[in-house]
Amino acid sequence: MSLITGVHHVGFSVPNLDEALQFFTEVLGFELLSHGALPTPDDPIAEQFDVEPDESVRFAFLKAGGDTIELVEWTSPRQQRQMPRNPDWGGRHLALKTGGLEQTLARLRTVPGVRILKPRGERFVYVQTPFGMYLQLMAPNA
C-alpha cells in the first residue's frame, strides 16, 4: 500500500497576490475557491510553516478542471525577492492543460508583460507571467 494516495494541491509563492489572482482568474480562467491571511490571533504560523514570528502570508486557492493550486504572498523583512529561474534550486514551473495551444497563446500575446519562450514542437510552450512565474502550456493531445 502506498503512503501517498495523490496530490491535494501545489503551492506557489508570488510577489503580489492580487496581480497573480487577476492573471490566473481573468486571463487563464481559473476559479477562485477561497482566500485568506495568516497569522490570525489563534494561528501559530511560525511553528506551522517554518517561518519567523514577524512573517505573514496571504493566500488563495484556485481551481481549473479538477485540479487545485494555491498562490501565496509572503511578507518578511528577510525574504529573497527574486524569482528562481528553471535551473535554480527551487526553480519550478506549473504545467497547464489547454483546450487549444494556439488559442491560449493568442490570448497571452495580448497580455502586457507575458513572455512566450521559443516553442519546441507542437506539444508544449513555456511562458513567463508578468510576475515572473513559469508556465508550461500543454497541447490537448500532449
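In this predicted model, the side chains of D18 and R58 meet in a salt bridge, with 2.9 Å between N and O. D18 belongs to helix α1 while R58 sits in strand β3, which spans residues 56-64, so the pair ties together parts of the chain that are 40 residues apart in sequence. Neither end of this bridge counts as buried: D18 is partly exposed, with a relative accessible area of 48%, and R58 is partly exposed as well, at 32%.

R58 has a further partner, for the side chain of E73 also meets that of R58 in a salt bridge, here at 2.8 Å from N to O. This second pair again links distant parts of the chain, since E73 lies in strand β4 and R58 in strand β3, 15 residues apart. Through the shared partner, D18, R58 and E73 are joined by salt bridges into one network. Within this network the setting of E73 can be stated precisely: its relative accessible area is 15%, and because buried means under 20%, E73 counts as buried.

What else surrounds E73 in the folded chain? Leaving aside residues up to four places away in sequence, E73 touches V14, P15, N16, L17, S56, V57 and R58. With L17 there is a polar contact in addition, as the backbone nitrogen of that residue lies 2.9 Å from a polar atom of the E73 side chain. The side chain of E73 thus takes part both in the salt bridge with R58 and in the contact with the backbone of L17.

The structure holds four salt bridges, and another of them is formed by R78 with D54, whose closest N and O atoms are 2.7 Å apart. Here the two partners come from loops: R78 is in the one between β4 (67-75) and β5, and D54 is in the one between α2 (45-49) and β3, so that the pair links parts of the chain 24 residues apart. Both residues are partly exposed, R78 with a relative accessible area of 47% and D54 with one of 44%.

From these charged pairs the path leads on to helix α3, which covers residues 101-108 and in which L101, T104, L105 and L108 are buried. These four residues cover an arc of only 95° around the axis, which puts them on the same side of α3. On the other side of the helix, E102 and Q103 are exposed. Which elements cover the buried residues of α3? Among them are helix α1 (17-27) and the strands β6 (115-116), β7 (124-128) and β8 (134-138). Helix α1, which contains D18 of the salt-bridge network, is therefore also part of the cover over the buried residues of α3.

Just ahead of this helix, in the loop between β5 (94-97) and α3, stands T98, a residue that is buried with a relative accessible area of 12%. The side chain of T98 takes part in two polar contacts with backbone atoms: it reaches the backbone nitrogen of L101 at 3.4 Å, and one of its polar atoms lies 2.7 Å from the backbone oxygen of M138. Not counting residues up to four places away in sequence, T98 touches T104, L137, M138, A139 and P140. T104, one of these contacts, is itself among the buried residues of α3.

The aromatic residues complete this tour. A pair of aromatic rings is described by the distance of the centres and the angle of the planes. In this structure the count comes to five aromatic pairs. One of them is formed by F59 and F61, which meet edge-to-face with 6.1 Å from centre to centre and 70° between the planes, and both F59 and F61 are buried. F124 and Y126 form another edge-to-face pair, with 6.1 Å between the centres and 80° between the planes; in this case F124 is partly exposed, with a relative accessible area of 24%. Elsewhere, ring pairs link F23, F24, F30 and F131 into a cluster.

How values were computed:
Residues numbered from 1 in each chain as written. Heavy atoms only, no water. Buried < 20%, exposed > 50% of the residue type's maximum accessible area, 1.4 Å probe, protein only. Helix = DSSP H or I, 4+ residues; strand = E, 2+ residues; numbered from the N terminus. Arc of directions from axis to C-beta. Contact = heavy atoms within 4.5 Å. Polar contact = N/O pair within 3.5 Å; in protein donor to acceptor, adjacent residues only side chain to side chain. Phe/Tyr/Trp six-rings, centres within 6.5 Å; stacked < 30°, edge-to-face > 60°.
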